[in-house]
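Visitor: I would like to learn how to read a model like this, feature by feature. Where should we start?

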Amino acid sequence: MMSRQAFLCGLGSLYLSLLFIFLLMDVYARPANNSVLKEKAADSKDENEILPPDHLNGVKMEMDGHLNKEFHQEVFLGKEMEEFEEDSEPRRNRKKLMVIFSKVDINNDKKISAKEMQRWIMEKTDEHFQEAVEENKMHFRAVDPDGDGHVSWDEYKIKFLASKGFNEKEIAEKIKNNEELKIDEETQEVLDNLKDRWYQADNPPPDLLLTEEEFLSFLHPEHSRGMLQFMVKEIIRDLDQDGDKKLTLSEFISLPVGTVENQQAQDIDDDWVKDRRKEFQEVIDANHDGIVTMEELEEYMDPMNEHNALNEARQMIAVADENQNHHLELEEILKYSEYFTGSKLMDYARNVHEEF
């Protein structure tokens, strides 16, 4: 039989163990000190507010010439794209997809035609543009501290360098006094590219002062004809290997300089070559002469081009049109949900009738 002393010792040990566990729980239950993380996030946010985005929603090609892998989802889901996450509950996503189907199917005949899909694509593209307009208002205020309705290149330059860690007051003083700025080569290269873009966004007569509307063109060139042309020239300049201001198939499917170490590594990247060859031959090269001109690339990248939207609608339908009737039924969209939403809906066939 256990002695009283041994029993008390055991109790004491148990008490200390429980106390230690409770202390650990208390520590882990407390909210972490996120001040440093918040500061870093704020710095990143400040920089993102004034830098043109690399990715443009609803545009087929990225600023660096890469194909936009999320284009189909962007023009099908619009602002609802973020709601379709891979880890979201499949039943909930299925219901959302059914709601979208009913909205696209405007004549309620239980199938989506190319014309209905075209109308929907244009609507979602405009949705992305309106979102960019609203964001631009906030971004413009960030670079227009005096609120006079326009931003000079020097004002923008100061804010940009401040976002890169330079002392804002010191930079402003040096620029005011025309003193030399000690900037690293990489930052200077970015500044030079931004200045070229700034000039392009400055509508005539040029005064190097951007209004809110011009600043929108600076950040989102896809919705300005002049800036769209500038963006196309930049992309062709980066991909054009012989300087003729046109793109051949071999130029278009080549990986960017510096991406791989040797030709063998480039050949291994089958997906890159396959995707770009298909896009070049079937979509971008409109007259199928084996050459993509600036005009063809501009037409391809124009997000508000109705002809492009109709072609895109037909392509999207062709991907999932299993019964070959040139329309999309609900079951087909649910089965190919990953293509339309980026999210795979498991057991779609079994559950579709349950939802009804």
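Guide: Start with a loop in this predicted model. Asparagine 108 sits in the loop between α4 and α5.

Visitor: What is the sign of phi at asparagine 108?

Guide: The general idea comes before the case. Most residues other than glycine have a negative phi, and most peptide bonds are trans. Asparagine 108 is not a glycine, yet its phi is positive, about 55 degrees.

Visitor: Is asparagine 108 buried or exposed?

Guide: Exposed, because its relative accessibility is 58% and the cut-off for that class is over 50%.

Visitor: Which other residue should I look at for a positive phi?

Guide: Histidine 288, also not a glycine, has a phi near 55 degrees. The loop between α13 (270–284) and β4 (291–292) holds histidine 288. With 56% relative accessibility, histidine 288 counts as exposed. A glycine case is residue 165, which follows α6 and has a positive phi near 105 degrees.

Visitor: Is the peptide bond from proline 204 to proline 205 cis or trans?

Guide: It is cis, with omega near -5 degrees. Proline 205 belongs to the loop between α8 (185–201) and β2 (209–210).

Visitor: How many helices and strands does the protein chain have?

Guide: The count is 18 helices and four strands. The protein chain has 356 residues, and 40% of them are buried. About 21500 Å² is exposed, with 52% of that supplied by carbon and sulfur atoms. For contacts between residues at least 6 apart in sequence, 58% join residues at least 24 apart.

Visitor: What is the mean pLDDT of the protein chain?

Guide: The mean is 82, and 77% of the residues reach 70 or more. In residues 18–46 the pLDDT is below 50, and that stretch makes zero contacts in the model beyond near neighbours in sequence. Residues 347–356 also have a pLDDT below 50, but this stretch has 16 contacts beyond near neighbours in sequence.

Visitor: Which residues have the most contacts inside the largest nonpolar core?

Guide: They are Phe76, Met117, Leu328, Ile333 and Phe340, in a core of 29 residues. At least two core residues come from each of α3 (71–77), α4 (90–104), α5 (114–143), α15 (306–320), α16 (330–335) and α17 (337–341). The largest share, six residues, is from α15.

Visitor: What is isoleucine 333 in contact with, leaving aside its neighbours within four places in sequence?

Guide: Its partners are Phe76, Leu97, Phe101, Ile112, Leu328 and Phe340. There is also a second, separate core, of 24 residues, which includes Tyr156, Phe218, Leu219 and Phe230.

Visitor: How should I read a single buried position?

Guide: Take its accessibility, then its partners. Valine 104 lies in helix α4. It counts as buried because its relative accessibility is 0%, where the cut-off is under 20%. Not counting residues up to four places away in sequence, valine 104 touches Ile112, Glu116, Met117, Arg119 and Trp120. From valine 104 to arginine 119 the separation is 15 residues in sequence and 8.1 Å in space, C-alpha to C-alpha.

Visitor: Is leucine 216 buried or exposed?

Guide: Leucine 216 is buried, because its relative accessibility is 12%. It is part of helix α9 (residues 212–219). Beyond neighbours within four places in sequence, leucine 216 contacts Phe129, Ala132, Val133 and Asn136. Valine 133 is 83 residues from leucine 216 in sequence and 7.0 Å away in space, C-alpha to C-alpha.

Visitor: Which residues of helix α6 are buried?

Guide: The general idea is periodicity. An α-helix has 3.6 residues a turn, so residues three or four places apart point the same way. In α6 (residues 153–163) the buried residues are Trp153, Tyr156, Lys157, Ile158, Phe160, Leu161 and Ser163.

Visitor: At what angle do the axes of α6 and α7 cross?

Guide: Two packed helices are described by the angle between their axes and the distance between the axes. For α6 and α7 (residues 168–176), the axes cross at roughly 145 degrees and come within 9 Å. The crossing is right-handed. On the α6 side, Asp154, Lys157, Ile158, Lys159, Leu161 and Ala162 take part, and they meet Glu168, Ile171, Ala172 and Ile175 of α7.

Methods. Residues are numbered from 1 along each chain as its sequence is written. This is a predicted model: local features need pLDDT of at least 70, side-chain atom pairs count only at pLDDT 80 or more; totals for chains, interfaces and linings use all residues. Side-chain values use heavy atoms; hydrogens and water are left out. Buried means under 20% relative accessible area, exposed over 50%, partly exposed in between (1.4 Å probe, protein chains only). Contact means heavy atoms within 4.5 Å. Accessible areas come from the Shrake-Rupley method with a 1.4 Å probe; for residues, only the protein chains shown count as cover. pLDDT is the predictor's confidence in each residue, from 0 to 100. A nonpolar core is a set of buried Ala, Val, Leu, Ile, Met, Phe, Trp, Tyr and Cys residues joined through side-chain atoms within 4.5 Å. Axes are lines fitted to C-alpha atoms, for helices over the stretch in contact, and angles run from 0 to 180 degrees between N-to-C directions. A crossing is left-handed if the near helix is turned anticlockwise from the far one by less than a right angle, and right-handed if clockwise.
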